[in-house]
Amino acid sequence: MRPLSSRIDPASLVPSPRSRFLLVSCQSCGNRQVVFDHAKIVVKCLVCQEPLALPRGGKAKILGKVEAVLT
C-alpha cells in the first residue's frame, strides 16, 4: 500500500476562491467599472448613478454588461 501523502493531491486540499472581480459596463452611459461579484451593497455607476449590482445574499445580481472576468 502506498503512503497517504502520495495518494492525495495537495492542491485539492486547499480551496480556491469562488468570487471574482468583474469589469462591468453601464447600460445607460457606457462607463466601465470593476465590480466584486459577491457585493454586499448596491454598486452604482460613478458617472450616472445607475445601479450596476444588487446584493442577493450570495452572489450579486449584475445589471450591467459583464465585459471581462478579472483574475
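A nonpolar core is a set of buried Ala, Val, Leu, Ile, Met, Phe, Trp, Tyr and Cys residues joined through side-chain atoms within 4.5 Å. With that in hand, here are some close-up views of this predicted model.

**View 1. The largest nonpolar core has 10 residues in all.** Its members are L22, V24, C26, V35, A39, V43, C45, L52, A53 and A60. Strands β1 and β4 (51–54) are the elements that give two or more residues to this core. As general background, nonpolar side chains tend to be buried together in soluble globular proteins.

**View 2. L52 and the residues around it are shown here.** Leaving aside neighbours within four places in sequence, L52 is in contact with V24, C26, V35, V43 and C45, among others. The contact list of L52 also includes Q33, K44, K61, I62, L63 and G64. L52 is itself one of the residues of the largest nonpolar core.

**View 3. Strand β1 pairs with strand β2 (residues 32–36).** The two strands run antiparallel and are joined by 5 bridges. One pair to look for is L22 with its bridge partner in β2, V35; both L22 and V35 belong to the largest nonpolar core. β1 and β2 form a hairpin with 6 residues between them. In the turn, G30 has a positive phi of about 85 degrees.

**View 4. Strand β1 also pairs with strand β6 (residues 65–70).** This pairing is antiparallel, over 5 bridges. Opposite K65 in β6 stands S25. Because 4 of the 5 residues of β1 are buried, this strand is largely enclosed by the rest of the structure.

**View 5. S25 is a buried residue of strand β1 (residues 21–25).** Buried means under 20% relative accessible area, and S25 has a value of 9%, so it qualifies. The side chains of S25 and E67 are joined by a polar contact of 3.2 Å. Not counting residues up to four places away in sequence, S25 touches G30, N31, R32, G64, K65 and E67. G30 is the turn residue with the positive phi from View 3.

**View 6. Three strands form an open sheet in the order β3-β4-β5.** The pairing in this sheet is antiparallel. The edge strands, β3 (43–44) and β5 (61–62), each pair on one side only. Between β3 and β4 there are 2 bridges, and the bridge partner of V43 in β4 is A53. V43 and A53 are both part of the largest nonpolar core, so to speak a good place to return to View 1.

Conventions. Residues are numbered from 1 along each chain as its sequence is written. This is a predicted model: local features need pLDDT of at least 70, side-chain atom pairs count only at pLDDT 80 or more; totals for chains, interfaces and linings use all residues. Side-chain values use heavy atoms; hydrogens and water are left out. Buried means under 20% relative accessible area, exposed over 50%, partly exposed in between (1.4 Å probe, protein chains only). A polar contact is a pair of N or O atoms within 3.5 Å; within protein, one must be able to donate a hydrogen and the other to accept it, and residues adjacent in sequence count only if both atoms are side-chain atoms. Contact means heavy atoms within 4.5 Å. Two strands pair if DSSP finds at least two bridges between them.
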